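This report describes selected features of one protein model. Please consult the sequence and the three-dimensional view while reading.

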Amino acid sequence: SLGVCLALPARAASSVTLTHVHGLSFSADGKQIFVPSHHGIATYSSGKWSKAAGPEHDYMGFSSTKQFFYSSGHPVPGSGLVNPLGLIKSSDGGRTWQKRGLEGESDFHLMATSYGTNAVYVFTHAPSSRMSKPGIYSTVNDGFAWKRAESKGLEGALLNLAVHPSNNRIVAAGTKTSLFFSTDGGDNFKRLASGEQVLAAFFDLDEKQLWFSSYGGKPALTRLDWSSGKKTVITLPPLTQDAVAYLAQNPVNRAEYAITTFERNVYLTKDEGKKWTQIANQGQTL
């Protein structure tokens, strides 16, 4: 594929291998799971894997809202696009993508979106034409203007970001030491959980719970009611020297969640984590 934006038919599942996993999301109708990898987006629907239509870019920082996909990363060779991609946006499930700035400048590995508001948060290691220095930035108008967060109170190397589904000023950040929480767009953070590295964070669509994956000798997944502080520990499938890298929720059947791990295992639960079904094993789709 030359990365031309044509509506190509989904390819057969036998060719689907998850080389890397750089995001995870459900479609708005809850019928598909999207797993961006090194060679385009893999999809899981009705018990079968296929390759999504659209260019086979190396999607990084992939994150979705109710209406759109946002991503960064590197273009597929032969596409004629500038590397890196900067911020790109799709309104048709990844078939076609629009440039939203910073192409040739920024490859955002850390990106998070607000499901209901289309706010996008990124972390940049290096300055660019629109970002004067490293740090967390957000845009509410698809990259037209970026605002830098002051990030006071944040400790440890930043590993992930999550944004509240309806209030895009509420942000969670996982670092190598803890989980942090901000209600002012990332200017001021307070510590919510401590003692181990937080590898993933995700706001539940109920708007009250914050899920986070951690590793402190063994992998853990916790659901936290951030207003009351009540924690629920979720029983994970047996993960050996592995941990949860991404978490997504089905927006239609909200008791259904998917997780991917650092070893490229993918699991589904239909009952908030009481029982898990494996659908990919070390990148091999099942």
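The sections below treat the basis of the model, its largest pocket, its strand pairing and two loop residues.

## Basis of the description

The model is predicted: local features require pLDDT of at least 70, side-chain atom pairs count only at pLDDT 80 or more, and totals for chains, interfaces and linings use all residues. Residues are numbered from 1 along each chain as its sequence is written, and side-chain values rest on heavy atoms, with hydrogens and water left out.

## The largest pocket

The largest pocket has a volume of about 960 Å³. A pocket is here an open set of points, on a 1 Å grid over the protein atoms alone, where a 1.4 Å probe fits and protein lies on both sides within 12 Å along at least five of seven lines; a lining residue has an atom within 4 Å of a point. Grid points are joined across faces, edges and corners, and the volume is the space filled by probe spheres set on the points. Of the 44 lining residues, F62, M111, L161, A201 and Y246 are the closest to the centre of the pocket.

Two or more lining residues come from each of β1 (25-26), β5 (58-64), β9 (110-113), β13 (158-163), β17 (197-203) and β21 (244-249). Strands are DSSP runs of E with at least two residues, numbered from the N terminus. The largest share, six residues, is supplied by β13. By class, the lining holds 28 nonpolar, 14 polar and two charged residues; Ala, Val, Leu, Ile, Met, Phe, Trp, Tyr, Cys and Pro count as nonpolar, Asp, Glu, Lys and Arg as charged, and the others, Gly among them, as polar.

## Strand pairing

Two strands are paired if DSSP finds at least two bridges between them. An open sheet of four strands follows the order β5-β6-β7-β8, with antiparallel pairing. Its edge strands, β5 and β8 (98-99), each pair on one side only. β5 is joined to β6 (residues 69-74) by five bridges, and the bridge partner of M60 is S72 in β6.

Two further pocket-lining strands, β13 and β21, are mostly covered. In β13, five of six residues are buried, that is, under 20% relative accessible area (exposed is over 50%, partly exposed in between; 1.4 Å probe, protein chains only). β13 is antiparallel to β14 and joined to β14 by five bridges, with L158 opposite T175. In β21, five of six residues are likewise buried. Five bridges also pair β21 with β22 (residues 257-261) in the antiparallel sense, and Q249 stands opposite Y257.

β19 (residues 219-225) and β20 (residues 231-234) form an antiparallel pair over four bridges, in which L221 faces I234. Their hairpin has five residues between the strands, and G229 adopts a positive phi near 85° there.

## Two loop residues

D187 lies in the loop between β15 (178-182) and β16 (190-194). Is D187 buried or exposed? D187 is buried, because its relative accessible area is 13%. Leaving aside residues up to four places away in sequence, D187 touches K147, R148, A149, E150, S151, K152 and S182, where contact means heavy atoms within 4.5 Å. A polar atom of the D187 side chain lies 2.9 Å from the backbone nitrogen of E150.

N167 occupies the loop between β13 and β14 (171-175). With a relative accessible area of 31%, N167 is partly exposed. The C-alpha atoms of N167 and T269, 102 residues apart along the chain, are separated by 27 Å.

Methods
A polar contact is a pair of N or O atoms within 3.5 Å; within protein, one must be able to donate a hydrogen and the other to accept it, and residues adjacent in sequence count only if both atoms are side-chain atoms.
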